[in-house]
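Reader: I would like a close look at how the strands pair in this chain, please. Take it slowly, and explain each term as you reach it.

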Amino acid sequence: MSTPEIRVALEARCSTGESPVWDEVNSRLLFADIPAGIIHAFTPSTGERRQWHFDRPVASLGLARSGRLVVAVGGDVVMFDPATGARSLLATVETNFPELRLNDGKVGPDGAFWVGTMHDVASADRKPIAALYRVDAHGTVERKVEGLKVSNGLAWSPDGRSMFHTDSAGPWIDRWDFDPATGAISNRTRIATPSNEEGRPDGGACDVDGNYWSSGVSAGFLNRFSRDGIMLAHIPLPTPGPTMPCFAGEGLRTLYLTTLRRSADAPPPSGDVLVLDPGVAGAKVGLFADDLP
């Protein structure tokens, strides 16, 4: 593919913009600024913006069938209603917060919220003591993958039968067989070990062709991999710290990309939300099954 035009969609100036989610019902993009503890909402067609503040880092979020959001806050997963501001604890996942905190999370094809943790210390001191968890609408927490430093990059293939998962400090990208009925994972396969220069894998997303798009957070690239780990595209970005891609808009044919600022004086567009035409539609992301009895 040719290198797409990349524009600034929103001058967000986040410290660590993350977890963009397309809210199709309201035609808006939701995303978090992790250390600020803020969920942002941005409506591209009107420019309207909203914010909701939390008292701890907000690492990731997903849409629920009820219209609420499932949100990773500190070491907890909470349910949040943007319409009323109501919040309720669903599950405490990480009791060792703040040494370990929740990180990248996404709703899977099984209707559960999959969320990982990270050892939140200086990168040189990180140990493989983090994990990936599955949290269902009853608040049941299952520990699925252990031995991680920075769990990241969750995404599912269009048919819901493959799960992609990364460790940003590995660095590696794994593909698992996934059962969308039960959330069971099996047959772990390491498909890529991107170098620091290629871009260590941060957040990810899948397109309708089953390819995996990965934010190369160490190198300022957006990378597209085949399901077997072949790098199909290596797109340079106007900022060194991309964090997560999100397919959005009509037909999921627009791609938004959150970014981070490594210092307070980092120039734009670091910390802003970028937008580009990816040339392919995205795979749909699941809704949290909070309508279960």
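Author: Two strands pair if DSSP finds at least two bridges between them, and a strand is a DSSP run of E of at least two residues, numbered from the N terminus. This is a predicted model, in which local features need pLDDT of at least 70, side-chain atom pairs count only at pLDDT 80 or more, and totals for chains, interfaces and linings use all residues. Residues are numbered from 1 along each chain as its sequence is written, and side-chain values use heavy atoms, with hydrogens and water left out.

Strand β20, residues 221-225, is joined to β21 by five bridges, and the two run antiparallel; within β20, Asn-223 stands opposite His-234 of β21. Both strands belong to an open, antiparallel sheet of four, ordered β18-β19-β20-β21, whose edges are β18 (201-206) and β21 (231-236), each pairing on one side only.

A second set of pairings centres on β11, residues 113-119, where seven of seven residues are buried, that is, under 20% relative accessible area with a 1.4 Å probe, protein chains only. Phe-113, Val-115, Thr-117 and His-119 point one way from this strand, while Trp-114, Gly-116 and Met-118 point the other way. Strand β10 (residues 100-107) pairs with β11 in the antiparallel sense over six bridges, with Gly-105 opposite Val-115, and in the hairpin of these two strands, which has five residues between them, Gly-111 takes a positive phi near 80°. Four bridges join β11 to β12 (residues 130-135), again in antiparallel fashion, and here Phe-113 stands opposite Val-135.

Note on methods
Buried means under 20% relative accessible area, exposed over 50%, partly exposed in between (1.4 Å probe, protein chains only).
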